[in-house]
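Reader: Could you take me through the charged pairs, the backbone angles and the helix packing here, one step at a time?

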Amino acid sequence: MTRNVERLDQWIRGDFVTLNSALEELYFASGNPEEVEGVGDDIKEQLVEDGKAFIVDLLKEGNTDEGFEAGFDLLGDVGLYMAACRRHEITEPSRETTSPLVEASALAMQIGASLGVAPRFASAHLETHNHAINGHYKTFTSLRDEELFVTCNTRSALAYIRAAEALLHIVPLGVSHPVTPDLLVAAKRALEDVITSNTELFQELDIDRFFYCVRPYYKPHRVGLREYRGANAGDFAGINVIDLLLGLCRADNAYYSQLLVDKFLFMRPEDQLVLRDCMRQESLMDSFLENVEEHAGEPWFQKNAALFLEVCKAHGDTAIQHHEELVAKFIERPAANKGLTDRPGLTASGPPLPVLLKSLRKLADLRAAADRDDIPTRYRDIQTLRSALA
């Protein structure tokens with residue numbers, strides 16, 4: 001890490017947090033926390049100019065092995081700065097054709113292109129690859145609710161990754177292998193950890209603080225000419241590896257494959273490779289179905305298929321919990337209560353909230369193998385496996 005990289009990182013961990021926190025308190029105390037224009041303009045100016053100074057020095061330094069060796073981490077610092085400017089409406093994609101953060105855009109695009117990722121901060125920068133110093137990792141603000149949100153999401157992401165790794169180990173072994181039950185149990189336990197972490201989040205997170213002071217940092221913004229969607233907590237390979245290997249979602253489903261295409265550049269390069277490889281594997285669901293007619297009576301089938309169905313249910317439970325608690329409680333209801341449901345720019349993904357909610361419901365029902373005829377869930381295949389169990 002060069003001195004210029006270190007200086008930006010120290011600012012992101014220090015004064016950057018102080019400035020954002022001060023602005024959040026001004027907004028929240030105003031009585032109309034969704035209105036940020038004209039509030040704290042002196043603080044906003046300091047935020048822009050301080051960050052710009054560090055980034056100009058990095059551009060002058062150039063792409064040296066010493067300076068940009070930890071490129072993904074540096075991209076996160078630049079991305080957090082750009083996301084904060086978007087949150088405070090210093091930038092706003094609907095009124096711009098190019099980002100006014102010229103230097104930050106140049107640096108973000110340089111790093112993003114060299115790594116093969118989107119040139120903005122992704123969920124990994126705040127979750128799975130957010131290095132803590134003296135017990136403190138990077139955040140936008142010092143608000144307790146943001147720390148709670150990031151910590152619980154990190155726990156959930158790592159639990160999903162553990163489940164995915166367990167399922168990946170089954171692929172070369174096969175569904176009848178005597179060690180496969182061990183791996184299915186490990187996957188189920190990891191998914192239960194997701195539910196535990198999410199429950200803690202939903203019980204302790206303050207609805208208004210999340211809606212007004214945490215969520216807005218995840219909005220879409222421009223980098224250069226192009227507008228990039230906001231970071232999503234699901235932007236890592238693990239959750240999709242589970243979808244595909246369990247067979248609850250299929251890569252040949254146009255709706256689901258579009259989700260994968262949209263998220264590839266928001267994942268770390270190594271995650272992209274894992275997911276691409278997974279897309280060509282036969283699902284465990286299909287492997288079990290192929291064995292129903294000939295081997296349903298075998299002890300291995302009875303044991304392994306029963307455990308497989310338990311893993312499917314656990315994965316579906318996490319999806320329904322996320323949709324019916326986080327999405328409904330912390331986004332849908334407060335937006336409706338404040339008359340903001342149809343407000344442009346409300347969601348991190350970009351589309352209007354009603355469109356996003358419909359899409360998220362569809363994804364949750366695919367993962368839960370819901371009994372629906374309008375989307376290709378695995379409901380009937382799950383019933384076939386259940387009926388084959390003694």
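Author: A salt bridge is a side-chain nitrogen of Lys or Arg within 4 Å of a carboxyl oxygen of Asp or Glu. The model discussed here is a predicted one, and by that rule the count of salt bridges comes to 28.

Reader: Which residues are linked with D77 in a network of salt bridges?
Author: Side chains of opposite charge can pair when their charged atoms come close. One pair of this network is D77 with K138, whose side chains meet at 2.7 Å, N to O. The residues linked with D77 in the network are D9, R13, D73 and K138.

Reader: How many residues apart in sequence are the parts that the pair of D77 and K138 ties together?
Author: The side chains of D77 and K138 meet in a salt bridge. D77 lies in helix α5 (residues 71–87), whereas K138 lies in the loop between α7 (123–126) and α8 (144–173), so the pair ties together parts whose separation in sequence is 61 residues.

Reader: Are D77 and K138 buried or exposed?
Author: The cut-off that matters is that a residue under 20% relative accessible area counts as buried, and one over 50% as exposed. By that cut-off, D77 and K138 are both buried.

Reader: How many residues apart are E6 and R3 in helix α1?
Author: The side chains of E6 and R3 meet in a salt bridge at 3.6 Å, N to O, and E6 counts as partly exposed at 30% relative accessibility. An α-helix has 3.6 residues a turn, so residues three or four places apart point the same way. Both E6 and R3 lie in helix α1 (residues 3–13), where about one turn of the helix separates them, that is, 3 residues.

Reader: What is the relative accessible area of R378, which meets D381 in a salt bridge?
Author: The side chains of R378 and D381 meet at 2.7 Å, N to O. D381 counts as partly exposed, with a relative accessibility of 22%, whereas R378 is buried, with a relative accessible area of 2%.

Reader: What distance separates the end C-alpha atoms of helix α2?
Author: The expected span of a helix is 1.5 Å times one less than its number of residues. Helix α2 (residues 15–29) has 15 residues and should therefore span 21 Å, which agrees with the distance between its end C-alpha atoms, 21 Å.

Reader: Which elements are included in what covers the buried residues of α2?
Author: The buried residues of α2 are F16, V17, L19, N20, S21, L23, E24 and Y27. What covers these buried residues includes α1, α3 (41–61), α5 and α10 (207–214).

Reader: Are α2 and α5 roughly parallel or roughly antiparallel?
Author: F16, N20, E24 and Y27 in α2 meet L80, Y81, A84 and R87 in α5, and the crossing of the two helices is left-handed. Their axes come within 12 Å and cross at roughly 15 degrees. Since angles under 35 degrees count as roughly parallel, that makes α2, with respect to α5, roughly parallel.

Reader: Are α11 and α12 roughly parallel or roughly antiparallel?
Author: I239, N240, D243 and L244 in α11 meet Y256, L260 and K263 in α12, in a crossing that is left-handed. The axes of helix α11 (residues 237–246) and helix α12 (residues 254–263) come within 12 Å and cross at roughly 155 degrees. That angle makes α11, with respect to α12, roughly antiparallel.

Reader: At what angle do helix α9 and helix α15 pack?
Author: α9 passes α15 in a left-handed crossing, and the two helices are roughly parallel to each other. Helix α9 (residues 180–204) and helix α15 (residues 299–337) have their axes 9 Å apart, and the angle at which they pack is about 15 degrees.

Reader: Is A369, with its positive phi, buried or exposed?
Author: A369 lies in the loop between α16 (353–367) and α17 (379–387), and its phi is near 50 degrees, a positive value in a residue other than glycine. At 10% relative accessibility, A369 counts as buried.

Reader: Is N134 buried or exposed?
Author: N134 lies in the loop between α7 and α8, and it has a positive phi of about 55 degrees although it is not a glycine. At 73% relative accessibility, N134 counts as exposed.

Notes
Residues numbered from 1 in each chain as written. Predicted model: local features only at pLDDT ≥ 70, side-chain atom pairs only at ≥ 80, totals over all residues. Heavy atoms only, no water. Helix = DSSP H or I, 4+ residues; strand = E, 2+ residues; numbered from the N terminus. Buried < 20%, exposed > 50% of the residue type's maximum accessible area, 1.4 Å probe, protein only. Contact = heavy atoms within 4.5 Å. Axes fitted to C-alpha atoms, helices over the stretch in contact; angles between N-to-C directions. Parallel < 35°, antiparallel > 145°, perpendicular 65-115°, else oblique. Left-handed = near helix turned anticlockwise from the far one by under 90°.
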